[in-house]
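Biologist: Thanks for sharing this one with me. Could you walk me through how its parts pack together?

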Amino acid sequence: MTQVPGCVLCDEAGGRVVVQSPRWRLIHASEPGFPAFYRLVWQEHVKEFSQLAAADRHACVDILVTVEQALLRHLQPDKVNLATLGNAVPHLHWHAIARFAWDTHFPGAVWAAPQRAADERRIAELTARLPALEADLQSGLAAA
């Protein structure tokens, strides 16, 4: 597997690992104010999605669909954001973020300026639901 020294996603997990396979890992990212922020990280250092073999590209999309469906089922967000940027970290990864009308940045991107104060009660309630979500993700992604 190709690794690049100094790449944060090669050198470390990038968050708390929820599910890991030989080709990818799903992590829970610690992003303040966004308790349902996950990243799908390709294990090998690949910069662009098109550099993956067709079967690997299809597998990634299937994993993202599974993650999105679990977020919808367990958390009932107003929207799920799926994004792959990689400008700051050029290691193939996707962001899967459950978004809520009450979150600090909604409807803007999580990287935009905040529009309101954090609702700590709702964040805590949402955080309490993550273990069931993650158990579902572990069983749903076991065969992926």
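## Packing, rings and a helix

Modeller: Happy to, and let's start at Leu 71, bearing in mind that this is a predicted model. Leaving out residues up to four places away in sequence, Leu 71 touches Ala 36, Tyr 38, Gln 76, Pro 77, Val 80, Ala 96, Ala 98 and Leu 133.

Biologist: Nice starting point. Which element gives the most residues to the largest nonpolar core?

Modeller: That core has 30 residues, and Leu 26, Tyr 38, Leu 71 and Leu 75 touch the most other members. Two or more residues come from each of strand E1 (16–20), strand E2 (24–28), strand E3 (37–42), H2, E5, H3 and helix H4 (130–141). The top contributor, with seven residues, is H2.

Biologist: And how many residues are in the second, separate core?

Modeller: Its members include Cys 10, Ile 27, Ala 29 and Phe 34. The count for this second core is ten residues.

Biologist: On to the rings, then. Is the pair of Phe 49 and Trp 94 stacked or edge-to-face?

Modeller: A search of the whole structure finds two aromatic pairs, so this is one of a short list. Planes over 60 degrees apart count as edge-to-face. For Phe 49 and Trp 94 the centres are 5.5 Å apart and the angle between the planes is 90°, so the pair is edge-to-face.

Biologist: How many residues apart in sequence are the parts that this pair ties together?

Modeller: Phe 49 is in the loop between E3 and H2, while Trp 94 belongs to strand E5. The pair therefore links parts that are separated in sequence by 45 residues.

Biologist: Of those two, is Trp 94 buried or exposed?

Modeller: Buried means under 20% relative accessible area. Phe 49, at 29% relative accessibility, counts as partly exposed. Trp 94 has 8%, so it counts as buried.

Biologist: What about Phe 100 and Trp 102: stacked or edge-to-face?

Modeller: Both partners count as buried, Phe 100 at 6% relative accessibility and Trp 102 at 16%. Their ring centres lie 5.1 Å apart, with 20° between the planes. Because planes under 30 degrees apart count as stacked, the pair is stacked.

Biologist: Let's look at H4. Within what arc do its buried residues fall, seen down the axis?

Modeller: The buried residues here are Leu 130, Leu 133, Glu 134, Leu 137 and Leu 141, and they pack against E1, E2, E3, H2 and H3. On the other side of H4, Pro 131 and Ser 139 are exposed. The buried set lines one face of the helix, because its members fall within an arc of 95°.

Biologist: How far apart in space are the C-alpha atoms of Gln 138 and Val 18?

Modeller: Gln 138 lies in helix H4 and is partly exposed, at 41% relative accessible area. Beyond its neighbours within four places in sequence, Gln 138 contacts Val 18 and Val 19. Gln 138 and Val 18 are 120 residues apart in sequence, yet their C-alpha to C-alpha distance is 7.0 Å.

Biologist: Last, the backbone. Is the peptide bond from Phe 106 to Pro 107 cis or trans?

Modeller: Pro 107 sits in the loop between strand E5 (93–99) and helix H3 (120–128). Omega for the bond from Phe 106 to Pro 107 is near 5°, and the bond is cis.

Biologist: And what is phi of Gln 76?

Modeller: Gln 76 is in the loop between helix H2 (54–75) and strand E4 (79–83). Its phi is a positive value in a residue other than glycine, near 50°.

How values were computed:
Residues are numbered from 1 along each chain as its sequence is written. This is a predicted model: local features need pLDDT of at least 70, side-chain atom pairs count only at pLDDT 80 or more; totals for chains, interfaces and linings use all residues. Side-chain values use heavy atoms; hydrogens and water are left out. Helices (H or I, at least four residues) and strands (E, at least two) are DSSP runs, numbered from the N terminus. A nonpolar core is a set of buried Ala, Val, Leu, Ile, Met, Phe, Trp, Tyr and Cys residues joined through side-chain atoms within 4.5 Å. Buried means under 20% relative accessible area, exposed over 50%, partly exposed in between (1.4 Å probe, protein chains only). Contact means heavy atoms within 4.5 Å. Rings of Phe, Tyr and Trp (its six-membered ring) pair if their centres lie within 6.5 Å; planes under 30 degrees apart count as stacked, over 60 as edge-to-face and the rest as tilted. The arc is that of the directions from the helix axis to the C-beta atoms.
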